[in-house]
Amino acid sequence: MNNSIQPGDTVAVVIKGSPLFGRLLSIKGSKAVLSFGGQRRDQGLPLRDVIAIDPEHLFDGSELPAPEQVQDSAPSARAVVEAWQLLETDQPGGLARLSLCELGELVLTPLNLAGLAALWAWLHGNQQLFRWRRDRLIQPLSREERASLRRQRRAEREAQQHEQRQLALLRAERGLSDDERLELDPVWDERFSHWIQLLKDNPAAVGSDLDLQQWSAALSIGSDAADLRQWLIVRGLLDTNEPIGLRGSVWSRCFPSDLVEEANRLVALSNEERPGDEQRIDLTHLATYSLDDAGTREIDDALSLERRDGVDWIWIHIADPSRLIDIDSPLDQEARRRATSLYLAEGVMPMLPLELAAGPLSLRAGQRCAALSVAVRLDEDGAVAQQRIARSWIRLRYGLTYTDGDELIELAPPGDEALSDLSGLLMLRMRWRRSKGAVMFDRPEGRFRRSDGALALQVIDPSPSRLMVSEAMLLMGAVVAGFGQEHSLPLPFRSQPAAELPSSDELDRIPEGPARDAAIKRCLSRGVQGTRAMPHFSLGLEAYVQATSPIRRYADLVAHRQIIAQLSALAPMDEERLREVIDDLDDPLRQSIQISREDQRHWQQVWFAEHQNTVCSAVFLRWLRPQDRLALVHVSELAMDLVGCVSADNPAPGDALELRVGRADPVRGELQLQLA
């Protein structure tokens, strides 16, 4: 086809997928200006995109057809099929090639501009008879090509129908069955995982995620994180009671079968002699007590009182998992990956397999157990006067609950006064720490628990037995830290920078209780972990090491190994390697805190959803975002600090407020509390 066009010629173009006829008005360099029929405005286009369709000037002076004329002039289906049959027969040199006008002469009666424009549009439509070639000629498709096209179109239709079935399945407001999940293409699992990861990592970006935008309209997904969360939960793609942060974390998978087998192997070996057992001192004659919440399975600490030559010695015994778990063994590596046991409302996700953690690693009543024990003699002020650390054998006489312990402390029955005496000694120690600047927050703490489908609020009161155990664990940490300093032993020390607390006058203006505690807590810095001893401000200690939960915290297990190496004259881990281990633990520890907080937030939402009409007394603590009237308040009934919207004009810390539920929707992950 001759493409040497001149102003006034009728031409064909394709603009944004629309095949059109126009008239060339002018040529300016490489640009052509065209006019079109109907209401379409004149337009400038690259000259290379303009195609001459009337080389013999058959239609000079004819008006361009309007869109409705083109629509009414489409070639008949019979005419184009007959033309294809005529042209498809083999020609010398291949299949026939002809211009738009030549094809129009075969299929149009009469041949006019409206018909040619309609034919031009038809060629670019969903037809399977002719192709528009790059040399701007038309060629009939071969029978083989048409058959291939039909197969392709059929496959496209089937794929489209398949996609529509899947979209219909996902639009249904109900949970998907297992069979329906299998019916979905694997790409959907990838999308769901991406959307859930988005909720986990950056919920604020849900509305701007391009992949989600592509499907949100078709699947009726709203524009924010709460909408997406609800959509996923309704379809059973997300467990409403499982923290999103748990997905993909080290706790989201069960222990592999090979680690379970290894744990069972160590259980079987636990009664046999192990390296280092010959160094243990025998303390099985001491009356030893463990105190824990009812149902606790990992028992890693116990207490004894020894009266020797009229002097009281406090014995603190901690389970010794290093007896069975070798450093860098597969179980040790898994424990290091987890860093800590994760405690959720529905139970614990342990750092070590429970076969071991709740078995031979725990301090079990009536059985001889391996421990790392610390003996401490306090002076009359509560300072450490003498101390000793040793690997030991102990035998628990009593496995007590905290309630049992409170009764024994209070009653001090004749012949069994040890627990009451221990409580007195450790309260002396607490007063000593207070004299050194320790900051005490002895208030009830609330936490939601869920068992057998029932949600319950557990309020932990600072009872005598809990305070005694807590103080004993702090004493152990101080002794271990002192041992490390004495022997220049690298340990995972915990410290806290000094803080400038509110003045006495400022505190006196705040009622004693949660509001005053909140004012003090706001001034405290976060604790840090490192390889050098530094003071811990709020504990009132010059140095401190957490070493009382080696079954549940990997850093505590590391501290035990360092101490045992020093006691056994073996080479401990050097400071550089210890720093690397501490750094490795930072990420899973941070995740565990986030997951635990998310879990408790969810159960708060569930609790308030079940108590929509509840009115609670609350105490104003401080503003969080005063411009939005958002504040932190303490709810005594729950023993929790919560965030709520305050309508009172100018509440002061300690002011009483009344809390009501504005909105509580655990499916959407929303909780709004109103306070007046």
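## Exercises on a predicted model

A search of the whole structure turns up 11 aromatic pairs; rings of Phe, Tyr and Trp (its six-membered ring) pair if their centres lie within 6.5 Å. This is a predicted model, where local features need pLDDT of at least 70, side-chain atom pairs count only at pLDDT 80 or more, and totals for chains, interfaces and linings use all residues. Residues are numbered from 1 along each chain as its sequence is written, and side-chain values use heavy atoms, with hydrogens and water left out.

**Exercise 1. Classify the ring pair F448 and W607, and place both residues.**

Step 1: the ring centres are 6.2 Å apart and the planes stand at 40 degrees, so the pair is tilted. For the classes, planes under 30 degrees apart count as stacked, over 60 as edge-to-face and the rest as tilted.

Step 2: this pair links distant parts of the chain, with F448 in strand β16 (residues 445-451) and W607 in helix α19, 159 residues apart. Helices (H or I, at least four residues) and strands (E, at least two) are DSSP runs, numbered from the N terminus.

Step 3: check burial, where buried means under 20% relative accessible area, exposed over 50%, and partly exposed in between (1.4 Å probe, protein chains only). F448 is buried, at 0%, and W607 is buried too, at 10%.

**Exercise 2. Find an aromatic cluster and the arginines that sit over the rings of W84 and W393.**

Step 1: one aromatic cluster is formed by W188, F192, W195, W215 and W231.

Step 2: look for charges over rings (NZ of Lys or CZ of Arg within 6 Å of the ring centre and within 35 degrees of the ring normal). R146 has its charged end over the ring of W84, 4.6 Å from the centre. For R280, the ring is that of W393, at 5.3 Å.

**Exercise 3. Work out where S290 sits and what it touches.**

Step 1: S290 belongs to strand β9 (residues 288-292).

Step 2: its relative accessible area is 4%, so S290 is buried.

Step 3: skip the neighbours within four places in sequence, and S290 is in contact (heavy atoms within 4.5 Å) with I299, D301, A302, L396, Y398, G399 and L400.

**Exercise 4. Name the buried residues of helix α17 and say what they pack against.**

Step 1: in α17 (residues 514-521), the buried residues are A515, D517, A518, A519 and I520.

Step 2: their packing partners are α16 (504-508) and β20 (615-625).

**Exercise 5. Describe the backbone at P110, K16 and A412.**

Step 1: recall the background: most residues other than glycine have a negative phi, and most peptide bonds are trans.

Step 2: T109 and P110 are joined by a cis peptide bond, with omega about 0 degrees. P110 lies in the loop between α3 (100-107) and α4 (113-123).

Step 3: K16, a residue other than glycine, has a positive phi near 50 degrees. K16 is in the loop between β1 (10-15) and β2 (18-28), and at 85% relative accessibility it counts as exposed.

Step 4: A412 isn't a glycine either, yet its phi is positive, about 45 degrees. Its loop runs between α13 (402-411) and α14 (418-435), and at 26% relative accessibility A412 is partly exposed.
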